[in-house]
Amino acid sequence: MRRSPRNKLKQPGRLALPAYDEIGLVLQGGGALGSYQAGVYEGLAEAGIEPSWISGISIGALNTAIIAGNAPEHRVEALRGFWNTICQPADLLGHFGALIPTVFGFPNIGRKWSSMWSATRTLTEGQTGFFAPRVAVPVPIANSARKLPNEVSFYDTAALRATLLKYANFDRINDGNVRVSVGAVNVRTGNLVYFDNTKTRLEPEHFMASGALPPGFPAVEIDGEYYWDGGLVSNTPLTEIIGEAQHKDALVFQVDLWSSKGTLPGDFLDISERTKDIQYSSRTRAITDFVSQNQKHARMIKELLEHVPEKVRRTHPLMKQAQEVADGGAVNVVHLIYKNKFFEGHYKDYEFSNDTMGEHWASGLEDIRRSFGHPEWFEIPSHDLGFVTHDVHRYEVAPAAVAGAGREEPREAEAADEVGTE
């Protein structure tokens, strides 16, 4: 896999974390952008951080299967094998189409061409070990027999099952050593459900269901019900971990593939790309804002309880419930957000070239290494504060402007992103 020349940060070594009750890894959906998550995980492995709970949706669910389905020392190798399998090298037209503008001094045009051509090949050819175009796409015909939901799609994903079995050990996924949750939507009810290895045995179909985005991919049948991509309802499973960690100190690595910040669209293709960014990133922002508000309410309840006589607090049922809410844990979310590259367009989530995959991977590795450059971010938050977020793209640390200050002050690095305030 080719690594981006941008990735020059020194490997940070192992990081000694405080004694968190839960270390979560949350992987958002985003198709071909998912190799960014693989790069983030490589950085976690370098630092010796092993998540106790991994939750994913769509491509994030597939990465979850590979990570949880391998021993810690083999996970990065398995991720690399998986992504090298489902991504394709450039063909002759892609090579020459990129080379010609570069020879004449326009390398950016060449890079955009190769990316666009790779996405076009994905639409027409599919991806090895992932999905293939159906020989005959089902079309509605009067009085024709209705097909089942798993028969109606532009592509067939049968190859993905074999790929998952090759790179993930499902006995290991289900041994309970790491908790695993993947989200999918019940086609009949429209409800988002999470398949969890603490409640049921997870098979390749559960992960395939989480990534079954219609109408491209077919619904997946599980126990007589049909499921589509969980991103149709919520593209991030952050609430699944935070909701069950209310009374725990939790460190959560939230890895998002869409950014709410972007440039104004100038044509219809730009509108298509910008729509995806907003649609799939806004839910993360809403969730972090919601959790932040809940923590503020918990602090307020705790302060109010101090004015209630101790005897009433111990005996009154409502006071006991209020005390449970007030005694919640502390949640620290370290947010990793993929940033768009100049050559990408509306097709970035289905552009599976080897070159682009390597650049996504390198970006994820660089971002997590930069995050580890702020060890103070990984301390357990004060229970009075309850909830904090950190994002390396929002703030960098720079020496204080005042000479002799003896401390460092935060400065804005890039435009503030979608996470709630710290």
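**Briefing: cavity, annotated site and overall build**

The structure holds one cavity of 30 Å³ or more. The model is predicted. In the UniProt record, an unreviewed entry, the annotation "active site" covers Ser58 and Asp229. The side chains of aspartate 229 and serine 58 make a polar contact at 2.7 Å.

**Cavity**

- The space in the largest cavity comes to about 40 Å³.
- Its lining consists of Ala68, Asn70, Arg75, Arg172, Asp175, Asn177 and Val178.
- One of these lining residues, Ala68, is also the last residue of helix α2 (59-68).

**Annotated site**

- Ser58 and Asp229, the residues that the UniProt entry marks as "active site", span 172 residues in sequence, yet their C-alpha atoms are no more than 5.9 Å apart, so they gather at one spot.
- Both Ser58 and Asp229 are included in the lining of the largest pocket.

**Serine 58**

- Serine 58 sits in the loop that runs between β2 (53-57) and α2 (59-68).
- With a relative accessible area of 11%, serine 58 counts as buried, because the cut-off for that class is under 20%.
- Apart from neighbours within four places in sequence, serine 58 has contacts with Gly29, Ser210, Gly211 and Asp229.

**Aspartate 229**

- Aspartate 229 belongs to strand β8, which covers residues 225-229.
- The relative accessible area of aspartate 229 is 3%, so this residue is buried under the 20% cut-off.
- When residues up to four places away in sequence are left out, aspartate 229 touches Ile57, Ser58, Val185, Ala209, Ser210, Gly211, Ala212 and Leu213.
- Ser210 and Gly211 appear among the contacts of serine 58 and also among those of aspartate 229.

**Whole chain**

- The protein chain contains 13 helices and 13 strands.
- Of the 422 residues in the protein chain, 51% are buried.
- For contacts between residues at least 6 apart in sequence, 75% join residues at least 24 apart.
- The protein chain has an accessible surface of about 20000 Å², and carbon and sulfur atoms account for 57% of that surface.

How values were computed: Residues numbered from 1 in each chain as written. Predicted model: local features only at pLDDT ≥ 70, side-chain atom pairs only at ≥ 80, totals over all residues. Heavy atoms only, no water. Helix = DSSP H or I, 4+ residues; strand = E, 2+ residues; numbered from the N terminus. Buried < 20%, exposed > 50% of the residue type's maximum accessible area, 1.4 Å probe, protein only. Contact = heavy atoms within 4.5 Å. Areas by Shrake-Rupley, 256 points an atom, 1.4 Å probe, with all protein chains shown as cover. UniProt positions renumbered as here; feature names shortened; annotations may be inferred. 1 Å grid on protein atoms, 1.4 Å probe; cavity = no way out; pocket = protein on both sides within 12 Å on 5 of 7 lines; lining within 4 Å. Polar contact = N/O pair within 3.5 Å; in protein donor to acceptor, adjacent residues only side chain to side chain. Points joined across faces, edges and corners; volume = space filled by probe spheres on them.
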